[in-house]
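This briefing walks through one protein model, beginning with a pair of strands and moving outward to the fold as a whole. Please keep the sequence and the structure in view while reading.

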Amino acid sequence: MTDTTVEAPIDTDQRKDPPLAQHLMQAEQGQHRIKGGVHSDLAHDSAIKHVTGRAEYCDDIPEPAGTLHAYLGLSTRAHALIRDLDLSAVEAAPDVIGVLTADDIPGVNDVSPTGRDDEPIFATEKVEFWGQPMFAVVATSRDAARRASRLAQVTYEDLPFALDPVAARAADMGYVTPPLTLTRGDAKSAMETAPHQIKGRLNVGGQDHLYLEGHIAFAIPGEDEDVIVHSSTQHPSEAQHMVAHVLGVPSNAVTVNVRRMGGGFGGKETQMNLFCAVAAVAAKKWNRAVKIRPDRDDDMTATGKRHDFVIDYEVGFDDDGRILAVSGDFAARCGFSSDLSGPVTDRALFHADNAYYYPDVLLNSHPMKTNTVSNTAFRGFGGPQGVIVAERIMEEIAYHRGLDSLEVRKRNFYGECERNITPYHQIVEDNIAPRVVAELEASADYQARRNAVLDWNAKGGIIRKGIALTPVKFGISFTATWYNQAGALLHIYSDGSIHLNHGGTEMGQGLNTKVAQVVADELQVDIARIKITKTTTEKVPNTSATAASSGSDLNGMAAQDAARQIKERLIAFAAERWQTETDKVRFAPNSVEVGSETIPFAEFIREAYMARIHLSAAGFYKTPKIHWDRATGKGRPFYYYAYGAACSEVSVDTLTGEYRVERTDILHDVGKSLNPIIDKGQVEGAFIQGMGWLTTEELWWDDKGRLRTHAPSTYKIPLASDRPRIFNVELAKWSENREQTIKRSKAVGEPPFMLGISVFEALSHAVASVADYRKCPRLDAPATPERVLMAVERLREAG
């Protein structure tokens, strides 16, 4: 049995009242349940450190004497040949030690995560986007390096450039990675024979990660070929391999450490490779520690973002609004190199159905090369750009047929025993979307509120209201099947304290807390016994990125495996030591019961140590059942689906386009939650971030190809004042994953991001009222006040 109250966070620096030893002694004196087991509310392990400013990040690591600082020199053209690069003024600047160019790289001048050799660390003959690194300055201070980086004299020969997918297709720029087609049935024939057809185009904007902690790497040279790199990366193993690749050394010479990140959201999955490589090359060249940390403007300019898409869709449907056929072309702004654009654009197609069944379907991706920074992973990884098209299609049908959009959504839901095959031929076996939506419809009082909205708008005032209820079905697993594996290392010391290390990275999402809860539950000890240490490639090798919402699924199972290995040894030891059967040995709260005897956990471990029992284990896990054949567009890329629904209500000023979110109700499926309070926080944060993507967060390049929204002064994420005035978030407490995931939980990082689409749809509903809901407003995203106002005026003029 586990405690269901909210526990104080694990803070190893504050265990003074009572001390750890005293706390553990008290725990063993008659404690009837463990503190901090699974399925209980437990605060984030670093919560106190976060709010008091004591949490240590990469930039807080004490710098050894003689530490140097690097800074990137960036291009000022979108596409040009480099005719001359004069760095003499840079090298002569005060406190500058030297300059790095491609000629200084001992290994390979490439950090492409897909191995396509298309992402140089430093441009050589040509630059392909404004802000591409050409060199790095190394100086005795960050300020000196930053100032010197602006002194380069570059002679360019300008070349034609294309900044968006439409321009790129017109200029025949080509793809950065092979496209994907998903098809089932005969969409063309079904479309031609459908009673009704609608064609449309949806422009979906990108999004900057705007993590609180920017990119940073801190490299310390070692003996021989060795180098240690401290970094804020979601993928330590990839950073390790990239640094080794660039230095021309084996991976065992490179150690990458990550204690925690100040936010990641996918932006630190591959983008940190550049900074780790530069810091490591400089550290080895000058045999001194080197740190690199760009300012926010350069960070936003030189690193990738969420892919923006231009999507052409067509839908055929019957008189009742039931879909008969869907086709779609998804053109993405991928940037100058492949990065992760292949799997991102693939996943956009995987989620173009959202929760709906398409009888005949044809979907094509177009990963376009553009003269912009290479876009990359971002929470949802292409899924949100697919889901929003599905919701636009539902909206189009609703306005065409004069129906409530929620009714259209219900009529097109996946079935259970039929109408349950996705465009990629996976059977939807766990469909709970209808139940989630039905429960939210009732708890949010949707029908009564919708009628009230219609009555309000019928008065014809300046302020119009809108309401929408949208679902999400999100597939969980890396679509690159080999990434669905994880490792963990567990030690139990002779005093009964436990050391846990796993391959996941902590970026504020509570992964370490959840994994510790799993181990606590498995060994039936208070979580205070467990210390999780920094993620390091020295302890767990060949890890996957902490991404795809898989952190707890993968690393939790690996940690459980390690705990069970040790547990099996201890049970066998106890049976032999006390001369009993193994089924008479039971791990009880903070103790071990052997027959009728109860031994405190620490005492039991001491006896096991004295008996020379191995108290360490390396755990491993790989996700079962999944497979994917990209060539045929068929398989089971996802182990399971996570579901959710959100109902949002907005008010819009039709004279200015300004709006506010009045109320949002959310019901989200996280399976049997490992930690409900942390999961609820993830749902809340994901919704707000998703809402920001579709409302205020606009990326804008000028006609020279320069990103102008490159700081919080011009790029607007939601403020606390932008949250819904009434914000009700609940977890589906009845849900339990039908697959054998860790404690039957479900992923929570990405799926609720798409619940923000309910705000976008509600805005569209409010705008549609000015034309009596006869026409779909076809808002583009983000729906800034300017776009909302233009849509209002467009409908009035068409009136």
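Strand 13 (residues 309–317) and strand 14 run antiparallel and are joined by nine bridges. The model is a predicted one, and the points below take up the surroundings of strand 14, then strand 11, then the nonpolar cores and finally the chain overall.

**Strand 14 and its two partners**

- Within the pairing of strands 13 and 14, Gly-316 has Ala-325 of strand 14 as its bridge partner.
- The two strands form a hairpin with five residues between them, and in that turn Gly-321 has a positive phi of about 85°.
- Strand 14 also pairs with strand 15 (residues 360–369), here in the parallel sense and through ten bridges; in this pairing Asp-329 has Asn-364 of strand 15 as its bridge partner.
- The β-α-β unit made by strand 14, helix 10 (residues 341–350) and strand 15 is right-handed.
- Strand 14 spans residues 323–335, and eleven of its 13 residues are buried, so the strand is largely enclosed by the rest of the structure.

**Strand 11, covered on both faces**

- Strand 11 (residues 254–258) is mostly covered, with five of its five residues counted as buried.
- In a regular strand, side chains alternate between the two faces of the sheet.
- In strand 11, Val-254, Val-256 and Val-258 lie on one side while Thr-255 and Asn-257 lie on the other, and both faces are covered, since these residues are all buried.
- Strand 10 (residues 227–231) pairs with strand 11 in the parallel sense over four bridges, and Val-229 has Val-256 of strand 11 as its bridge partner.
- Between these two strands the chain passes through helix 7 (residues 236–247), and the resulting β-α-β crossover is right-handed.
- Strand 11 also pairs with strand 20 (residues 535–536), in the antiparallel sense and over two bridges, where Asn-257 stands opposite Thr-536 of strand 20.

**Nonpolar cores**

- The largest nonpolar core holds 152 residues, and those that touch the most other members are Ile-393, Ile-530 and Phe-604.
- Helix 16 (residues 551–577) supplies the largest share of this core, namely eleven residues.
- Apart from its neighbours within four places in sequence, Ile-393 is in contact with Tyr-313, Val-315, Ile-323, Val-326 and Tyr-358; of these, Tyr-313 and Val-315 fall within the residue range of strand 13, whereas Ile-323 and Val-326 fall within that of strand 14.
- A second core, separate from the largest one, has 40 residues, including Ala-102, Val-249, Leu-274 and Val-290.

**The chain overall**

- The secondary structure of the protein comprises 20 helices and 29 strands.
- A compact globule of 799 residues would have a radius of gyration near 28 Å, and the protein's value of 28 Å agrees with this.
- The C-alpha trace spans about 85 × 70 × 50 Å along its principal axes.
- Of the 799 residues, 63% count as buried, and the accessible surface comes to about 29600 Å², of which carbon and sulfur atoms account for 49%.
- Among contacts between residues at least 6 apart in sequence, 82% join residues that are at least 24 apart.

Methods
Residues numbered from 1 in each chain as written. Predicted model: local features only at pLDDT ≥ 70, side-chain atom pairs only at ≥ 80, totals over all residues. Heavy atoms only, no water. Buried < 20%, exposed > 50% of the residue type's maximum accessible area, 1.4 Å probe, protein only. Pairing = 2+ DSSP bridges. Right-handed = clockwise from strand over helix to strand, strands pointing away. Rg over C-alpha atoms; globule rule 2.2 N^0.38 Å. Contact = heavy atoms within 4.5 Å. Areas by Shrake-Rupley, 256 points an atom, 1.4 Å probe, with all protein chains shown as cover. Core = buried A, V, L, I, M, F, W, Y, C linked by side-chain atoms within 4.5 Å.
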